[in-house]
Amino acid sequence: MKKVLLLLALFGVVSMSSAQLQLNGAGSTFDYPIFSKWFDTYHKMTGTEINYASIGSGGGIHQVTEGTVDFGASDAPLTPEQMSDFTKAQGTDIVHIPIIMGGVAITYNLPSVGQGIKLDGTTLADIYLGKVTKWNDPRIVKMNPDKNLPDKAILVAHRSEGSGTTFIFTSYLSKVSPDWAKQCGTSIAINWPVGIGAKGTEGVAGVIAQTEGAIGYIELAYAKQNNLPYCLMKNQAGKFVEVNFNTVSAAAAGAAAHMPKDLRAVITNSPGKNSYPICGFSWVVIPKDIKNREHAQALVKFLKWGVTKGQENATSLYYAPLPKSVQKLDLEKLNAITSNGKKL
Amino acid sequence: MTNAKVFQISRFLKTIEVELVNIRESPAEIQNFFKKSDEKKRSRFLKKILGDKNLGDIVFERLTLLFAVLVFLLVLFMAWEMYSNSELSINKFGWKFLITTTWDPYAENFSALPMIFGTIVSSLLALIIAVPLGLSVAIFLAELAPAWLEKPLSFLTELLAAIPSVVYGLWGIFVLVPWLRDVVEPFLQNQFPNSPFFQGAPYGYDMLAGGVILSIMVLPIISSISRDVLKSVPDPLREAAYGLGATKWEVTKTVFTNARSGILGAIILGFGRAVGETMAVVMVIGSRPQITASILKPASTIAGALANEFSEASSDLYLSALIELALILFVITIIINIFARLLVWGTERRWK
C-alpha cells in the first residue's frame, strides 16, 4: 500500500511538472545531435521543454501532416504532392525553415595515393553509373597529373536505406550529369546502377575502410571526426574545393541571392568561387498558421533562437552554420507565422 | 491515421457501447439477482446456469478460450491491416509486383521479386551450411559425447542463439567479410572458374556473406532441437539394437530414422528464422535488389529492405509498396510453416 501511495505521489509530481509548456518534434536523424544540444541549452535558458523523436525525415513529414507534432524536420524539401497533402489535412500551408547545413564528403580508400584526389561532377556521376571503372581512367588521371593513380577497380559504395545524404548527393549528380538525371534521378533512395549498399554512414565508411579502391559519399561530420581522405570537388566556377564548414556556408551564401520564396532551395552545385558543390540545408517544417497560440509563440521563439544564436554551436558538432543572408530570410518567414489568423 | 480508419474505430466502440447497454438493461433476472440478497434464490439461480460445473472452472475455461481466440484475432487483424495499407500498391501494380524485377523508389516503380529471390536463396544457402553442421553437433551431443562434455557443449551452442543479431552483423563486417573476400571467394573462383555461381569481382559484401551469417544464426536452433528430439527416442530402442550386435554407426542410424520428423521440424524452424532475420543480413549482404545466379554479388532480402527503407519512405505509394513487401513476407512464413506441418505429419504417418 505504501508503495502504491509512493507511486501515486511520484505520478503527481510528474504530471505537475508536465504542466509546463512542452513542444514536440519528429524527423531527421541527421539533425538529432545538434537538436539535442539546442533543446538542452534552451531548456535551461527558458524552461521550455522540447521533445524530439529522430525517426527519419519521412516519418517527421507524416507526423507533422497528421498534426501529432508541433514541428517536423526533414533533410529533403517536401514534394509538391506532400505540400498539398499537408494543406488538405491541416487547412493551412506548410513553411520550410532552413535550420542547419550539412556537407557531403566524397571519400575513398587508396593508401598509395593519399589525400585530395581531384574530381569533377560528370566523372563522379560516370563512376556511379558504372561507366568509369578504374582509378587510372584517363579522365581521372588528367585532373590529377601530380598523383600516381593505380590500375585498381573502383568499388562504388552507397547508402542502402533512404537518407537525406543520398538526396543531396543524387541532386548534385542530376545537376551535373544529364545521363544521371535521366537514368537515376534525385531522391532519398534510388535504383543504383552499380555498387554495394551499406546501412548508415558507419556502414558506408566501413565498406570503404575495408576495401581498397572503394569510393563513397558520407556526411562531412563523419569524415572529419574520423580523418578520412576526401576528394576535392570541382565547383561551378571551375575551382577544385575542399569540403569544410566555410566552403559549405559559402555555397549557401552563393545560393541565397536566388533563393526561392518558399526557401525550398536545393543548393547543390551552387555558384561562387569558394562554394563546395555537394551540400544542402536541413529544414524544420511547421504550419503557417498554428491553432494553439501558446505553442505557436514558444515554437517561433525557439526557432528564431536556433537559426541565429544556435548556429554558434554548429561547428563544434561538425555542422556548417547558416550564413547571415539565410538567417535573415528565416527570420522573415518566422515573423509571418500566425495563430488563428492573428499575428503572434 | 486516415479519417476512414478513425470512423471505423469509432463505429467499433459504438457497438461495444450498445452491447454494454443491452447487458445492463435486458435480462431482468440478472438485475434482480444482484438486487436481492436472498441467499437461497441466488444459489438456485447459480445452479440453473452453471449446472454441475464449478464456477472457477468455467471462468478459467472461458478466460483461456478468450486469450486463445485473441491471439488468432491478432494474426487476422495484422494480415487485414497490412492488406488494407498496401491497397494503393496492390491496385497500381497488381500481379506485376511479383514478377517484374525493378525496385526504383525515384521512378516509383516497385517489384518484390528481387527481394523474394534474395530472401529464399540466402535462407537456402544458410540451410546448406547449417544442416550438416547442426545435425553433426546434435548427433554428437545426444549419442556420442561423454557426459562431462555434453553439458558445457550444449550450453555453448545454445548460447549462440542468445547473441543479438546486430552483434553478428558487426562480427560479419569486421571478420567474416574480409575473410570471404581474401580467402574463400578467390578460392571458389579458382576452383570453379566457369561456374555461373561464382562470377564477378569478390568484395565480400554479397549473397554468400548473407548466407554464411544466417547459417551461424540458425545453427543453434537446428542443433538444439534436433538434440532434444534424438534424446527423446526411447533407450530400449538403442539397447535392442546393441543387443542385435549393431555398431555405434548403425545404432545412430536407427535412432536418427526414428527422430526424422522432429529433425525435419527443426530444419524448417531454422528456415523460418533465416527468412525473417533482418539486421545481421542487412549489414553484410550489400542491399542490392537484383536477381543473378552468382552468389558473389550483392543481393537484398524482404526483411532487409523493410528495415532499410521504411523510416525514410515518404510518398504514399512507396510506403504502401513496402507494406505489401511485409505482407508477402507474412504469407511466405505462413506457407513455410504449413509446409513444415504437412511434412512432419507425412513422415509421422509413414512411420506408424
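Let's start with a β-α-β unit in chain A. Strand E1, helix H2 and strand E2 of chain A build it, and the unit is right-handed. Keep in mind that this is a predicted model. Helix H2(A) covers residues 32-46. Strand E1(A) spans residues 22-27 and runs parallel to E2(A), with five bridges joining the two. Take one example. Asn24(A) has Asn51(A) as its bridge partner in E2(A).

Stay on E2(A), residues 49-53. Which side chains of this strand are buried? Ile50(A) and Tyr52(A) are, and they point to one face. Glu49(A), Asn51(A) and Ala53(A) point to the other face and are not buried. That fits the general rule: in a regular strand, side chains alternate between the two faces of the sheet.

Tyr52(A) turns up again in the aromatics. It belongs to a cluster linked by ring pairs. Other members include Tyr32(A), Phe35(A), Trp38(A), Phe39(A) and Tyr42(A). Phe71(A), Phe302(A) and Trp305(A) are in the cluster too.

Over all chains, the structure holds 28 aromatic pairs. Look at Tyr108(A) with Trp135(A). Their ring centres sit 6.0 Å apart. Why is the pair called tilted? The planes meet at 55°, and tilted covers angles that are neither under 30 degrees nor over 60. Now place the two residues. Tyr108(A) is in strand E4(A), residues 94-108. Trp135(A) is in the loop between helices H5(A) and H6(A). The pair therefore ties together parts that are 27 residues apart in sequence. Both Tyr108(A) and Trp135(A) are buried.

One more ring, this time with a charge. Lys118(A) lies over the face of Phe240(A), 5.9 Å from the ring centre.

Next, the cores. The largest nonpolar core has 174 residues. Phe35(A), which we met in the aromatic cluster, is among those touching the most other members. So are Ile106(A), Leu124(A), Tyr128(A), Ile215(A), Ile278(A) and Phe281(A). Which element gives this core its largest share? Helix H16 of chain B, residues 316-351, with 15 residues. There is also a second, separate core of nine residues. Leu78(A), Met83(A), Ile94(A) and Val285(A) are among them.

Last stop, Ala326(B). This residue lies in that helix, H16(B). Buried or exposed? Its relative accessible area is 18%, and the cut-off is under 20%, so Ala326(B) is buried. Leaving out residues up to four places away in sequence, Ala326(B) touches Met82(B) and Leu306(B). Tyr83(B) is 243 residues away along the chain, yet the C-alpha atoms of Tyr83(B) and Ala326(B) are separated by 9.6 Å.

Conventions
Residues are numbered from 1 along each chain as its sequence is written. Chains are lettered from A and ligands numbered from 1 in the order in which they are written. This is a predicted model: local features need pLDDT of at least 70, side-chain atom pairs count only at pLDDT 80 or more; totals for chains, interfaces and linings use all residues. Side-chain values use heavy atoms; hydrogens and water are left out. A nonpolar core is a set of buried Ala, Val, Leu, Ile, Met, Phe, Trp, Tyr and Cys residues joined through side-chain atoms within 4.5 Å. Buried means under 20% relative accessible area, exposed over 50%, partly exposed in between (1.4 Å probe, protein chains only). Helices (H or I, at least four residues) and strands (E, at least two) are DSSP runs, numbered from the N terminus. Two strands pair if DSSP finds at least two bridges between them. A crossover is right-handed if, with the strands pointing away from the viewer, the path from the first strand over the helix to the second runs clockwise. Rings of Phe, Tyr and Trp (its six-membered ring) pair if their centres lie within 6.5 Å; planes under 30 degrees apart count as stacked, over 60 as edge-to-face and the rest as tilted. A charge sits over a ring if NZ of Lys or CZ of Arg is within 6 Å of the ring centre and within 35 degrees of the ring normal. Contact means heavy atoms within 4.5 Å.
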